[in-house]
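Hi there,

Here is the structure I promised to pass on. Have a look through it first, and my notes follow underneath.

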Amino acid sequence: MHEPVIDYQAVFQALPAGIALLTPELVFADVNEAYLSLSGRTRGQLIGRFLFDVFPDNPDDLRANGMRNLYTSLRRVATMGERDTMALQRYDVEDPERRGIWQERYWSPVNVPVLAPDGTVALLLHRVEEVTELIKARGARDIGDRARVLEAELYTRARELQEVNERLRQAHAREREVALHLQEAMLPAPSPLGHHRAAVRYRPAVGALNVCGDWYDLVDMPRTGRTAVAVGDVVGHGLLAAGIMGQLRSALSATSRVASGPAQALEVLGQYARSLDGAESTTAASVFIDWNAHTLTYSSAGHPPPALCHPDGTVTFLDQATDPPLGARPERVSRPQAVTSFTDGCVLVLYTDGLIERRREDIDTGLARLADTLARHHTTDPDTLADTLLAQLIPPAGLTDDTALIVMRL
């Protein structure tokens with residue numbers, strides 16, 4: 001007897017619960033009819049778009065936290081590869097027919113990983129059931145049979161939620177603590193650089209999921225009259241990213257001591273990154289400071305450009321030697337590098353993208369914000385300037401990605 005041929009696309013569309021399939025970057029890949037009905041959106045308004053561009057928090061509700069809670073749950077599923085049952089959520093939805101009009105809605109979400117053959121998370125299955133009717137019925141003390149059934153299901157799910165989330169909290173707390181200790185050990189304070197003053201900072205993300213991928217490094221080479229400074233950002237987070245970060249940082253530090261310049265140092269590091277699982281697409285920027293010639297030789301592997309603030313407050317971004325991230329090319333290709341001069345009193349700033357990037361904001365806006373803050377405070381000492389940059393550029397809600405920073409007075 002032949003097994004029946006099952007049309008899983010038809011099954012997906014027929015499911016009574018609202019289901020959305022998201023990429024690990026939280027972009028809509030597919031939705032079923034029930035989800036379209038619940039959300040009041042068309043496929044064209046969803047597919048290919050970032051989840052929170054379509055469904056932001058209600059701007060009129062200062063206590064709204066549905067977006068933050070959902071983001072945390074989805075990132076946990078993407079990182080840990082485990083199902084996450086969320087607590088009952090209030091998450092208002094804008095009326096699709098009337099812009100600026102928000103509907104009070106309550107949801108019971110479950111997020112599940114969809115694994116690829118190699119065990120990595122390929123998609124996130126986001127299932128939602130609307131419970132607005134139940135919440136309003138309870139408020140009116142008028143609970144019918146259908147609402148009672150739904151209420152019983154919610155109580156059952158709440159017990160499951162409590163147990164699962166407690167295990168996750170404990171696991172995340174342990175991983176975060178170990179990862180941060182590891183990060184601290186691998187990012188020590190820089191050695192004295194003669195009369196040149198430098199400040200370094202590392203700030204972890206607010207959540208437990210986005211720490212330990214960024215690094216900084218300073219290599220003094222007094223025999224040649226040069227100093228190499230660099231920052232980098234590993235794609236990924238947690239203990240794995242911290243381990244990869246340590247290996248890449250050590251490799252670049254060693255390579256910078258013998259390389260002719262930053263381009264060669266990053267070229268060698270890129271070859272090493274191709275042999276290191278998890279190091280693909282790491283970005284890095286390296287600057288060689290020649291104290292005798294008063295020049296900066298720089299190269300970037302897909303990283304935000306270093307900033308050079310002149311004594312008059314003018315800010316220049318070192319963006320004339322940018323190439324793809326480490327290990328992005330299968331063949332060996334020489335990386336570009338560029339040279340610019342500096343005068344005494346200039347300030348050089350290297351940073352990772354957590355300092356400037358914001359969701360739904362063009363990167364040029366973040367760079368302009370950095371340049372403005374640097375221009376207004378460039379006369380302060382490096383330690384004060386580093387703290388000022390972090391204080392004024394980190395959003396009020398805190399960092400969503402970790403950040404490494406070097407500030408050096410030239």
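Where helix H9 meets helix H10, the H9 side brings Arg369, Leu370, Thr373, Leu374, Arg376 and His377, while H10 answers with Leu385, Thr388, Leu389, Gln392 and Leu393. Sorted by type, the residues of this contact are 5 nonpolar, 4 polar and 2 charged. Please keep in mind that this is a predicted model.

How do the two helices lie against each other? Two packed helices are described by the angle between their axes and the distance between the axes. Here the axes of H9 (residues 363-377) and H10 (residues 382-393) come within 10 Å and cross at roughly 140 degrees. That angle makes H9 oblique to H10, since only angles over 145 degrees would count as roughly antiparallel. The crossing of H9 past H10 is right-handed.

Each of these helices has the span you would expect. The 15 residues of H9 should cover 21 Å at 1.5 Å a residue, and its end C-alpha atoms are indeed 21 Å apart. H10, with 12 residues, reaches 16 Å from its first C-alpha to its last, close to the 16 Å expected.

Which residues of H9 are buried? They are Gly366, Leu367, Leu370, Ala371, Thr373, Leu374 and His377. An α-helix has 3.6 residues a turn, so residues three or four places apart point the same way. The cover over the buried residues of H9 includes strand E14 (307-309), strand E15 (315-317), strand E18 (347-351) and H10.

In H10, the buried residues are Pro382, Leu385, Ala386, Thr388, Leu389, Leu390 and Leu393. What lies over them includes strand E9 (197-203), E18, H9 and strand E19 (403-409). E18 is thus part of the cover for the buried residues of H9 and for those of H10.

Now to the other end of the chain, beginning with two buried residues.

Leu22 sits in strand E1 and counts as buried, with 0% relative accessibility. Leaving aside neighbours within four places in sequence, Leu22 touches Val27, Phe28, Ala29, Leu51, Leu74, Leu123, Leu124 and His126. Arg49 is 27 residues away from Leu22 along the chain, yet their C-alpha atoms are separated by 9.7 Å.

Tyr35 belongs to helix H2 (residues 33-39) and is buried as well, at 6% relative accessibility. With neighbours within four places again set aside, its contacts are Gly18, Ile19, Ala20, Phe28, Leu46, Leu51, Phe55, His126 and Val128. For one of these, Ile19, the C-alpha to C-alpha distance from Tyr35 is 5.5 Å, with the two positions 16 residues apart in sequence numbering. If you are looking for links between the two residues, Phe28, Leu51 and His126 appear among the contacts of Leu22 and also among those of Tyr35.

Thr42 makes a useful contrast. This residue is in the loop between H2 and helix H3 (51-54), and it is partly exposed, with a relative accessible area of 45%. Its C-alpha is 9.8 Å from that of Pro96, a residue 54 places away along the chain.

A few backbone angles may also catch your eye. Leu26 is not a glycine, but its phi is positive, near 70 degrees. Leu26 lies in the loop between strand E1 (18-22) and strand E2 (28-31) and is buried at 1% relative accessibility. His294 also has a positive phi, about 55 degrees, without being a glycine. You will find His294 in the loop between strand E12 (283-290) and strand E13 (295-301), where it is partly exposed, with a relative accessible area of 27%.

Gly81, which follows helix H4, has a positive phi near 70 degrees too. H4 itself (residues 66-80) has 15 residues that should span 21 Å, in agreement with the 21 Å between its end C-alpha atoms. Its buried residues are Gly66, Leu70, Ser73, Leu74, Arg75, Arg76, Val77 and Ala78. One of them, Leu74, is a contact of Leu22.

Finally, the whole chain: its secondary structure comes to 10 helices and 19 strands. Of its 410 residues, 49% count as buried. Among contacts between residues at least 6 apart in sequence, 62% join residues at least 24 apart.

Happy browsing, and best wishes.

Conventions. Residues are numbered from 1 along each chain as its sequence is written. This is a predicted model: local features need pLDDT of at least 70, side-chain atom pairs count only at pLDDT 80 or more; totals for chains, interfaces and linings use all residues. Side-chain values use heavy atoms; hydrogens and water are left out. Axes are lines fitted to C-alpha atoms, for helices over the stretch in contact, and angles run from 0 to 180 degrees between N-to-C directions. Helices (H or I, at least four residues) and strands (E, at least two) are DSSP runs, numbered from the N terminus. Angles under 35 degrees count as roughly parallel, over 145 as roughly antiparallel, 65 to 115 as roughly perpendicular and the rest as oblique. A crossing is left-handed if the near helix is turned anticlockwise from the far one by less than a right angle, and right-handed if clockwise. Contact means heavy atoms within 4.5 Å. Ala, Val, Leu, Ile, Met, Phe, Trp, Tyr, Cys and Pro count as nonpolar, Asp, Glu, Lys and Arg as charged, and the others, Gly among them, as polar. Buried means under 20% relative accessible area, exposed over 50%, partly exposed in between (1.4 Å probe, protein chains only). The expected span of a helix is 1.5 Å times one less than its number of residues.
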